Amino acid sequence: MSRVTKFAGRDPGPAARVAGFIAHLRQNGLRLGVAEADVALAALTHVNAIRPDDARRALRAVCTGCKEEAERFDDLFDGFWMDMGRVKQKVIPKQTATANDDVHSSRDAQGEDAGASGSATAPDAEGGEADSDGTGKLIATRQRNLNRRDLRDLVRPEEIAEAEAVARRLGAALRDRRSRRRIAARRGDRLHFRKTIRQSLATGGEPLRLLRKKRPDRTRKIVALCDVSGSMSVYAQVFLAFLAGLLRADTAADAYLFHTRLVRITEALRDKDAMRAIGRMSLMADGFGGGSRIGPSLMRFADTYAKRFVDGRSVVLILSDGYDTEPPAQIDEALAKLRKRGCKIIWLNPLKGWADYAPVAEGMAAALPHLAAFKAANTLADLAALEAELASL
Amino acid sequence: MTYRALQEDMAACGYVASDDLAVALQLALSLGRPLLLEGAAGVGKTEVARTLATVKDTALIRLQCYEGLDAAQAIYEWNYQRQLLTIRAASEAGETGKTVEERIFSREFLLERPLLAAITQDVAPVLLIDEIDRADEEFEAYLLEILSDFQISIPELGTITATTRPIVILTSNGTRDLSDALRRRCLYTYVEYPDRATELAILRARCPEVEARLADQIVGFVQKLREEELEKTPGVAEMLDFAAALMGLGIADLTDDPAILQSTLTTLLKTQSDQAQITSEVAGRIAGKAA
């Protein structure tokens, strides 16, 4: 049987299908505008669109914009165009069912939007299977929906606003004082007299171009890695708000979640709408509240993203309780590798706030020698109180 | 032009392009949109532009981005020295101010930098904007206007509209995130390290004198080496250097002499810790596995 999706006879045609596909990508978090649908359609006329592989390649070039999107694209493409020959019920995006099932919070009813009977907002039949054979879209069953946490239930908009203020202050504290020396700059506050005169020699002593200098901003970049494994889920509310606030307050900041694997959430959290950003993050945080593999996650970070985003002017914030299911040597090795990049590592452990806490967890003990600071953080107030300490790093 | 034809043309020039890349390039050509190539260092992003220029038999104009790159270095600049000499000469000849002014702010006194040069060519050139992630965000924003309208306004002279629309290739190593605005205006392809068959084809195309068995060993060795924990993974260019080094030393089989193999690894391993990690035993083991 061909895997290619069969479209219904009443389907308006290729333009609507492409529009439907763009809507499908948009639902899945790709940021695509109206113009992209136009370009996608134009692109298909330049390749042999009958061949699925060519169409796939053309659409991938048009619709993706970064590595992560390019990696996800194949699944999304298959989901829409390669639905094992099933007739696609819904091609044109409808106002009533635009949101993705996976992003619905518990406030909305869950349901399948492709069953022949019933609508997206009506409860589905027992067992979560399609009503009739061959016309259903394969989606997750109710069981799986329950397993997946919607992070929007955990975080409130006010908290994000509050966290944003805290993050802004922390960021300001981490950016160390500006240098006394002045360096040449395009838009400096003073004239760079020596350079101006020197360059004026080329124009016979006429200072045609006035060169400037300024005190350089020695910004520190914050990279936050947040543990969202089961043992950390009680603190998730604070930390997720903090991450959302951090990325909104600081355009250079970078954020990751890890449980049994590592996910970069910077792109998702940069969304202008804070709650939508958290919603998009829920999609990525599949596995939230599960086991923790801190060592391998940190190692993966050191081997991949850190090479691109961490340098001597970065501060790596790790928000975790240090309970790792993997051997502690891995944490040790990963942090040593990270430190070699010249960054400062700060570990915020919610357990440290407890009266008789000692870092006896093997993972935590292994991490200690590499840390520039090891602090407690349970609430936003705790995070705010770190300001003074971080400023002295 | 189908992408297969483009792929064959590029292969004739020594560049083996994957299907994904070929389709993206073909679309960039037919839709007239810039193409953003991302990928690790050494996968052959810059080479794409160079080959495309050869295939299209047109000029390659390259703008290497760096921190602090500004409009004067990327777009245009007035030739101050020449303007000044003209003023001096004019004042001796007794010319009036107005005519001199008109003269010194003409195309004659304009120094074309890569972007202006790219839009004023008779034949559409390939414009390579290399490592765009190294440039400042403000420069990236400046680029948006040029990439969408292909025109440049010079206050003293007016707007210069493109005579031809250049084929634009942007590359990025991902040292920082690029803006959404830039990404939206470009087609996008992530360039991976080539798979074994592709890499072998590249080696064949570039160094046809390497004997088949050795070529297979070389590619196998480099592919296995990429799986090791290295600080700097060797790229395609390094693989070609490695092959050249082996040819130069007259080695016919990688497994023959671990000591000589170790000495040629300087072409592949570019940091001290990587060199320390791949000892001659490790290299011998990898060569044995690859053979």
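How many of the 10 residues of helix α11 (residues 294-303) of chain A are buried? Eight of them are, and the helix is mostly covered. The buried ones are Ile294(A), Gly295(A), Pro296(A), Ser297(A), Leu298(A), Met299(A), Phe301(A) and Ala302(A). Keep in mind as you look around that this is a predicted model. For the complex, the predictor gives an ipTM of 0.84 and a pTM of 0.73.

Let's stay with chain A and step back a little. Its 393 residues include 49% that count as buried, and the chain has 16 helices and 11 strands. Take the contacts in chain A between residues at least 6 apart in sequence: 72% of those join residues at least 24 apart.

A good place to look next is strand β6 (residues 221-227) of chain A. Seven of its seven residues are buried, so the strand is largely enclosed by the rest of the structure. Side chains in a regular strand alternate between the two faces of the sheet, and for β6(A) both faces turn out to be covered. On one side sit Lys221(A), Val223(A), Leu225(A) and Asp227(A), on the other Ile222(A), Ala224(A) and Cys226(A), and all of these are buried.

What does β6(A) pair with? Strand β9 (residues 314-319) of chain A pairs with it in the parallel sense over six bridges. Strand β7 (residues 254-258) of chain A also pairs with β6(A) in the parallel sense, over five bridges. Val223(A) is a handy residue to click on here: its bridge partner in β9(A) is Val316(A), and in β7(A) it is Asp254(A).

Chain A also has an open sheet of three strands, this one with antiparallel pairing and the order β3-β5-β4. The edge strands are β3 (183-185) and β4 (190-191) of chain A, each pairing on one side only. Two bridges join β4(A) to strand β5 (residues 212-214) of chain A, and these two strands run antiparallel. To find the pairing, look for Leu191(A), whose bridge partner in β5(A) is Arg212(A).

Now for a pair of helices in chain A. Helix α1 (residues 14-27) and helix α2 (residues 34-45) of chain A have axes that come within 9 Å and cross at roughly 125°. With that angle, α1(A) and α2(A) are oblique to each other, and α1(A) passes α2(A) in a right-handed crossing. On the α1(A) side, the contact is made by Pro14(A), Ala15(A), Val18(A) and Ile22(A). From α2(A), the contributors are Glu36(A), Ala37(A), Ala40(A), Leu41(A) and Leu44(A).

Over to chain B, which averages a pLDDT of 88, with 100% of the residues scoring at least 70. Here you'll find an open sheet of five strands with parallel pairing, in the order β2-β5-β8-β1-β9. At its edges stand β2 and β9 (187-190) of chain B; each has a single partner strand, so one side of each is left without a neighbour in the sheet. Neighbouring strands of this sheet are turned by 20° against each other on average, direction ignored.

At the β9(B) edge, four bridges join strand β1 (residues 35-38) of chain B to β9(B), and the two run parallel. Leu35(B) stands opposite Leu187(B) in β9(B). Two helices are worth finding against the sheet. One is α3(B), which lies across β1, β2, β5 and β8 (167-172) of chain B and runs at about 165° to β8(B). The other, α8(B), packs on the sheet and touches β2, β5 and β8 of chain B, its direction making about 160° with that of β8(B).

Finally, check the backbone at two residues in the loops of chain B. Asp57(B) has a phi near 50°, a positive value in a residue other than glycine. You'll find Asp57(B) in the loop between α3 (45-56) and β2 (60-64) of chain B. Glu131(B) is another non-glycine residue with a positive phi, near 55°, and lies in the loop between β5 (126-130) and α8 (137-149) of chain B.

Which of these is buried or exposed? Asp57(B) is exposed, with a relative accessible area of 68%. Glu131(B), at 18% relative accessibility, counts as buried, because the cut-off for that is under 20%.

Conventions. Residues are numbered from 1 along each chain as its sequence is written. Chains are lettered from A and ligands numbered from 1 in the order in which they are written. This is a predicted model: local features need pLDDT of at least 70, side-chain atom pairs count only at pLDDT 80 or more; totals for chains, interfaces and linings use all residues. Side-chain values use heavy atoms; hydrogens and water are left out. Two strands pair if DSSP finds at least two bridges between them. Buried means under 20% relative accessible area, exposed over 50%, partly exposed in between (1.4 Å probe, protein chains only). pLDDT is the predictor's confidence in each residue, from 0 to 100. Axes are lines fitted to C-alpha atoms, for helices over the stretch in contact, and angles run from 0 to 180 degrees between N-to-C directions. Angles under 35 degrees count as roughly parallel, over 145 as roughly antiparallel, 65 to 115 as roughly perpendicular and the rest as oblique. A crossing is left-handed if the near helix is turned anticlockwise from the far one by less than a right angle, and right-handed if clockwise. Contact means heavy atoms within 4.5 Å.
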